[in-house]
Amino acid sequence: MRRSLLGRIWPNATALVLFVGFAFPVYWMFNTAFKPNGQIISETPVWFPTSPTLDHFETAVEAENFWTLVRNSVTVTVLAVGFSLVVALFAAFALARMRFRGRKGIVLTFMVAQMAPWEVMVIAIYMIVRDADMLNSLVPLTLFYTVMVLPLTIITLRGYVAAVPKDLEESAMVDGCTRLQAFRRVIFPLLAPGLMATSLFGFITAWNEFPLVLILNKDDQAQTLPLWLSKFQTAFGDDWGATMAAASLFAIPILLLFLYLQRKAVAGLTSGAVKG
Amino acid sequence: MSVQTREAPPRKRRPAAAPRAAGPQPGEGRRADKATLPYLLLLPALALTAVFLGYPLVTNGMLSFQNLNMTQLIQHVTEWNGFANYTDTLSNEEFWRVTLRSVIFTAVNVVVIIVVGTLIGLLLARLGPRMRLLLSVALVLAWAMPIIAATTVYQWLFAQRFGVVNWVLAELGFESMADYNWTGTQLSTFFVISLLLVWTSVPFVAINLYAATTTIAKELYEAAALDGAGAWQSFKCVTLPFLKPFLLVATFLEIIWIFKAFPHVFAINEGGPNRLTETLPVYAFVEGVGGQHYGTGAAISVLTILILLALMAYYLRIVLRQEDADETENDGEMA
């Protein structure tokens with residue numbers, strides 16, 4: 001009896017400790033962003049913002065070019081994710097469903113491409129973009145981000161495509177669908193959760209990307225939000241309130257998207273695993 | 001604009017459509033179609049990868065054989081200097097120290113992430129629905145936190161003055177920690193970086209591992225219990241075999257992510273103090289871009305890529321074997 005009680009308590013207690021450990025940094029970011037300066041710089045931490053203020057958010061948003069950078073970040077991220085999903089879907093379908101010479105080598109290529117250390121190739125990329133006269137443009141950024149997220153998108157999507165029972169496709173074709181129709185009517189709807197889950201990874205990568213835009217787009221008008229956030233930190237020094245407000249603004253879109261897509265992501269992964 | 005036109009595949013698509021239109025016998029046309037279809041579907045992905053990843057890689061390789069500093073960069077001059085960048089780098093004691101440091105850093109973090117992630121994943125499977133939701137939300141928050149935002153928050157948490165971590169430690173009785181400078185020594189800086197990496201990476205392992213456990217049929221556990229298996233034995237014989245493929249993939253991904261983690265390491269303390277927390281990608285960046293020795297930086301990055309490939313060789317072999325197995329399985333189905 002005592003043992004089963006203990007057996008019930010310890011997982012919950014551990015979960016509670018873990019909850020605090022994982023949630024606290026995020027909580028502390030928002031908490032600091034809403035606190036007046038007097039409560040931020042205090043010898044004993046103020047755990048709850050008792051007199052919340054929006055001052056720090058105003059400071060953050062009033063930084064120069066803020067809305068231009070928001071637009072740049074959204075444009076680059078959405079386009080890169082969109083392109084890579086479309087391109088990856090074709091490739092994933094071929095890799096999951098068809099047998100052809102060189103398939104293994106291509107899978108291997110994407111596996112290797114996935115681990116490309118983009119951060120150390122910035123010099124070469126700078127030279128290429130400079131010679132193409134495309135510095136301070138969003139076009140090369142979009143294209144490089146597309147390729148940055150492409151390999152993992154293909155590999156993940158391949159799993160989702162493979163998880164759709166082959167019989168479904170075959171019976172659709174027996175019933176007179178062409179391969180394309182079978183794909184559009186039968187496979188694509190089943191793939192939707194997988195596409196959403198996969199897009200998450202792309203959104204995070206592109207939204208976060210820092211070294212490339214740092215080197216390629218020196219012009220204030222052509223930058224993206226990660227640069228703004230990192231500069232914010234140095235420009236405002238120890239203004240932790242404004243820095244945390246800026247970090248919150250940067251994190252909120254991804255956090256919301258993630259919370260929204262997460263259930264689908266895990267559901268998709270589960271169904272992907274069922275195929276086992 | 002030249003960059004853009006290169007990735008456009010339509011020109012190559014036409015000849016493939018041709019056989020169907022030209023072929024007098026429909027059956028023959030379809031067969032030809034079938035043979036080229038997978039390549040057509042793969043063409044855009046391969047072309048994009050070749051242009052935007054392959055070409056920079058080749059350029060990077062070529063730069064590594066050049067004497068390229070600020071002067072040459074501005075004047076657009078190409079000065080070949082053979083293997084000088086490589087011999088300089090490889091005979092530099094610093095390079096080997098950084099390499100060893102990167103390998104240890106990766107190994108420690110990956111082990112911690114996989115072990116902690118697995119334990120939390122198994123815990124999620126044991127929890128009641130409400131507690132599970134609570135913990136999942138916290139995990140997802142940590143997972144989704146953008147890197148630059150996360151590094152900023154960690155710098156604030158570990159700030160010397162008014163940082164909440166120092167305050168808590170002092171309250172717990174470690175008086176000397178009240179004004180501790182976390183970025184002052186190599187070990188403490190690495191501790192903060194590792195904590196940040198573990199915090200952001202564990203949720204991926206935990207949540208996906210939990211998702212994998214939900215696919216294990218309950219009957220298997222019942223059968224194991226009937227056969228007299230204890231908790232440990234049913235874990236070893238039922239749970240673990242199911243999770244093994246996932247754990248293998250997760251370990252592979254984590255090794256890549258940790259080894260080439262750049263913003264985490266760079267943003268916390270820019271490789272300091274005294275360049276003691278530089279890992280290979282940071283080292284390449286600091287030497288190349290920071291020191292304006294672009295050729296040397298390129299050579300270091302080529303060496304980094306080679307080390308990464310060596311680390312991955314084992315995994316890639318597993319992948320290839322898996323692909324072979326899939327192919328024979330498919331053959332069996334079709335026969």
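What share of the contacts in chain B with a separation of 6 or more comes from residues 24 or more positions apart? That is where I would like to begin this morning, and I should say at once that what we are looking at is a predicted model. The answer is 65%, counted over the contacts in chain B that have a separation of 6 or more. As for what chain B is built from, it has 15 helices and zero strands, and of its 335 residues, 36% count as buried.

Staying with chain B for a moment, the unreviewed UniProt entry carries the annotation "domain: ABC transmembrane type-1", and it places that annotation on residues 99–315. In the model, that span of chain B is 78% helix and 0% strand, and the C-alpha atoms at its two ends lie 20 Å apart.

Let me turn to the contact between the two chains, which takes 77 residues from chain B and 79 residues from chain A. On the side of chain B that touches chain A, the element that gives the most is helix H3, residues 26–63, with 17 residues. If we sort that side of chain B by residue class, we find 59 nonpolar residues, 14 polar ones and four charged ones.

Now to chain A, for which the unreviewed UniProt entry lists the feature "transmembrane region" at residues 12–30, 74–95, 107–129, 141–165, 186–207 and 240–261. I will pick out two of these: residues 74–95 of chain A are 100% helix and 0% strand, with their end C-alpha atoms 31 Å apart, and for residues 240–261 of chain A the model likewise gives 100% helix, 0% strand and a distance of 31 Å between the end C-alpha atoms.

The domain assignment of chain A gives domain 1, at 2–40, and domain 2, at 63–274, and the centres of these domains, taken over C-alpha atoms, are separated by 31 Å. Their contact takes seven residues from domain 1 of chain A and six residues from domain 2 of chain A. On the domain 1 side, helix H1 (2–34) and helix H2 (37–40) each supply at least two residues, and H1(A) gives the most, with four residues. By class, the residues on that side of domain 1 of chain A divide into four nonpolar, two polar and one charged.

One helix of chain A deserves a closer look, namely H9, residues 179–208, which spans only 38 Å between its end C-alpha atoms, whereas a straight helix of 30 residues would span 44 Å at 1.5 Å a residue. Within H9(A) there is a kink of about 50° at Phe188(A), shortly before the proline Pro189(A).

I will finish with the backbone, and with the reminder that most residues other than glycine have a negative phi. Asn136(A) has a positive phi, near 60°, and this residue lies in the loop between helix H6 (122–131) and helix H7 (138–163) of chain A. In chain B, Arg275(B) also has a positive phi near 60°, and its place is in the loop between helix H13 (263–269) and helix H14 (280–290).

Are these residues buried, partly exposed or exposed? Asn136(A) counts as partly exposed because 15 other C-beta atoms lie within 10 Å, where 20 or more would be needed for a buried residue and 12 or fewer for an exposed one. Arg275(B) is partly exposed too, with 15 other C-beta atoms within 10 Å.

Key
Residues numbered from 1 in each chain as written. Chains lettered and ligands numbered in written order. Predicted model: local features only at pLDDT ≥ 70, side-chain atom pairs only at ≥ 80, totals over all residues. UniProt positions renumbered as here; feature names shortened; annotations may be inferred. Domains from an automatic or database assignment. Nonpolar A, V, L, I, M, F, W, Y, C, P; charged D, E, K, R; others polar. Expected span 1.5 Å × (residues − 1). Bend = angle between axes of the 7 residues up to and from the residue.
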